[in-house]
Amino acid sequence: MKWTSVFCLTCTFLCATLSTEKVHGRDQWFQKADSLYVAGAWFEASIAYERSYYLSENALQRVLANLAKAEALKQMGEYSKAHDDLQRSLAFRGSESLRLEVLYQMALCAYMDGDDATARSLLLQILHQFGPIPQQRIFLLKGLVMVDQARWDDLRQHLEVWADELYDDNAAKDSLLTAFDVLKMGDGLPRVRDPERARLWSAIIPGSGQAFAGSPGWGALNAISQLAALTGFGLLAWNGYYIAGVVAGLGPFQSFYFGGIRQAGELAEQNNSSRLERFQTAMGEFLLDVARQSDQ
Amino acid sequence: MRFQLLVLPLILCMMPMALSGNTTLSLDKSGFEVFSDMPVDSVGYSDLQMREEMDFILYLVGRGDLDEGLFLLEGLRPAGEKWRDSLNYLTGWVLYRQKNLDASAGFLLSVSCESPVYHKSHFFGAYNLAHTGDHAGAGAVLSSMSLERGKMLAAMKRLQLGGLALLARDFDGYSVQARHFSGQYHVMAAEERRMEQHHAGLRDAPGKSPWIGGLLSAAVPGLGRVYAGKSAEGIVGFLYVAALGLTSYDIYRGTGARNPLFILSASVTGVFYVGNILGSATAVRRTNKEFNHEMDQRILFDMHIPLRNAFN
């Protein structure tokens, strides 16, 4: 009886020591990672969080470590890696709020990584699994994804829902929606210039395609170049230098003519994208302002 | 019972010590604190700590977190020499996966012959040297490895040495190694056959001369580029020079040789003509370089695949 008791007590002691040390060690790594994160050593913090994830046998602890690691990776600009790492925690079923957090962080990382389609898909998963959630950050992210995807009508509807959550009185709601409409119409939803039409214009009237695309300077330069080349050809031919006229006049003319057609199309595409980018930046700032107001 | 009464307080006294952390925090060179259950040796990490660290590093490397793995490897300081080979091998392997082949070779070739990964390390180290252009160094590493005749690794050594000889365009050296290619090991049978094709390709390749290319273009503008295998460039070159030549002739016909317009036109034509000759010589050199690069890549590929097949 005596030795049995000693054996049992010794076993209890060893089990208690080892198991508490494991938990303790895990906490230590997490704490260490937190302090590294605070100190701005994000790379080292991400490793420490990963070690906490690796050492932990507790599913909740692993999700927390994974989320914290994602924060460190976000600080380093490693959005794609953060998104991929968070996928490990998608199967977690312990806490609804943590699952929501994992999905939201994945959507945010996908958005920051420029993968709007994945961000939208993850936001749809949130909607499907948790229903409409009145969280400002989800409203904001959803709006930003719509801006990036240039879904302006959807954004208008989304703002209506967001305004309903934000304000009780109709005047404030209307004011927000009016501000959106003014920005969209007033500053101008960029007019998309069809590159094909720009090429066609340049084929008919040299330089007009560039002007249609929004770059009249390039159009004038191209038209003058073509005119100069044709003049050269005319002068040389007039003086009897037919071969020289063809080589030195018509040669450059055909280069300027076909180059001008190609340039008009490229300028239309380039100007479309830079106009849209400017508008999207303005719209994104507008949404950030809305989110800031809601925080106050 | 009396014994129990004696032991119990002792256990109860030790419990808080265990709970409060019979642990040590030490600071490594990167300022990264290492936490372990065991006290850190004054010289370096204990065996248990090293095992734990290596397990974690292997986990990171397995996940593809190579930068993280390398960072931890750089901070490890084992107490004795026991872990030196493992560290060199793992560091070399991570660098190899990062395609930092020069640095990788240094670590892999530091693995001692007592290590179970000695052969793998040295074969890959030699391959890394070959890839970085140090064919002689790679050959020396492979030649220094003593391997039992008739075994797979000996055949691998032959294949690698044969590949190195081809890379150095030493056809006699290749023939010495190729005589022993047996095709009996499936991990390298196909590569042995392909190595023979590379040998034939290199041996039979007509070495194109930049001088001939230049002379051809002097005779007929653009012909040198056609000789170099760049027919489209040759035709364009011919059209340019011909058009300029015709223009000069047209002006000469109308104004005579002393007219400044003719002199200008003829000068431009001359510049294009000479430029075409020089361009043709350069095109031949470029073609030769592209061919050699292509062959080198194929040879290196066929040296690499058997290593991956045999050791992974």
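These legends go with a set of close-up views of a predicted model.

**View 1. Chain A is built from helices.** Chain A comes to 13 helices and zero strands. Read from the N terminus, its elements simply go α-α-α-α-α-α-α-α-α-α-α-α-α. Of the 296 residues in chain A, 44% are buried.

**View 2. Helix α10 of chain A has a buried face.** This close-up takes in residues 195-204 of chain A, which form helix α10. Its buried residues are P195(A), A198(A) and S202(A). Look down the axis of α10(A) and these buried residues fall within an arc of 55°, so they line one face of the helix. The general rule behind this kind of pattern is that an α-helix has 3.6 residues a turn, so residues three or four places apart point the same way. Over on the other side of α10(A) sit E196(A), L200(A) and I204(A), which are exposed. While you're here, check the start of α10(A): a side-chain oxygen of D194(A) comes to within 3.2 Å of the backbone nitrogen of E196(A).

**View 3. A nonpolar patch sits on the surface of chain B.** Seven side chains are worth picking out here: V236(B), Y240(B), L261(B), L264(B), V268(B), V271(B) and F272(B) make a nonpolar surface patch of about 640 Å². Two helices of chain B, α13 (231-255) and α14 (260-311), each supply at least two residues of the patch. The bigger giver is α14(B), which puts in the most, with five residues. V236(B) belongs to helix α13 of chain B. With a relative accessible area of 43%, V236(B) is partly exposed; that fits a patch member, because patch residues need over 30% relative accessible area.

**View 4. A150(A) has a positive phi.** Most residues other than glycine have a negative phi. A150(A) is not a glycine, yet its phi is positive, at about 55°. You'll find A150(A) in the loop between α7 (136-148) and α8 (152-166) of chain A. Its relative accessible area is 31%, so A150(A) counts as partly exposed.

**View 5. R169(B) also has a positive phi, in a loop of chain B.** Phi of R169(B) is near 55°, a positive value in a residue other than glycine. The loop in question runs between α8 (152-167) and α9 (171-178) of chain B. R169(B) is partly exposed, because its relative accessible area is 26% and the partly exposed class runs from 20% to 50%.

**View 6. D65(B) is tucked into a loop as a buried residue.** D65(B) is in the loop between α2 (47-63) and α3 (66-75) of chain B. Although it is in a loop, D65(B) has a relative accessibility of 5%, so it counts as buried. V94(B) is also in the frame: D65(B) and V94(B) are 29 residues apart in sequence, with 9.5 Å between them in space, C-alpha to C-alpha.

**View 7. Two cysteines, C109(A) and C113(B), have contrasting exposure.** C109(A) is buried, because its relative accessibility is 0%. C113(B), on the other hand, is exposed, with a relative accessible area of 53%. A disulfide is a covalent bond between the sulfur atoms of two cysteines. Don't go hunting for one here: a search of the whole structure turns up zero disulfides over all chains.

Terms used
Residues are numbered from 1 along each chain as its sequence is written. Chains are lettered from A and ligands numbered from 1 in the order in which they are written. This is a predicted model: local features need pLDDT of at least 70, side-chain atom pairs count only at pLDDT 80 or more; totals for chains, interfaces and linings use all residues. Side-chain values use heavy atoms; hydrogens and water are left out. Patches are made of residues with over 30% relative accessible area and no salt bridge: like charges are joined within 9 Å, nonpolar side chains (Val, Leu, Ile, Met, Phe, Trp, Tyr) within 5 Å. Accessible areas come from the Shrake-Rupley method with a 1.4 Å probe; for residues, only the protein chains shown count as cover. A salt bridge is a side-chain nitrogen of Lys or Arg within 4 Å of a carboxyl oxygen of Asp or Glu. Helices (H or I, at least four residues) and strands (E, at least two) are DSSP runs, numbered from the N terminus. Buried means under 20% relative accessible area, exposed over 50%, partly exposed in between (1.4 Å probe, protein chains only). The arc is that of the directions from the helix axis to the C-beta atoms. A polar contact is a pair of N or O atoms within 3.5 Å; within protein, one must be able to donate a hydrogen and the other to accept it, and residues adjacent in sequence count only if both atoms are side-chain atoms. A disulfide is a pair of cysteine sulfur atoms within 2.5 Å.
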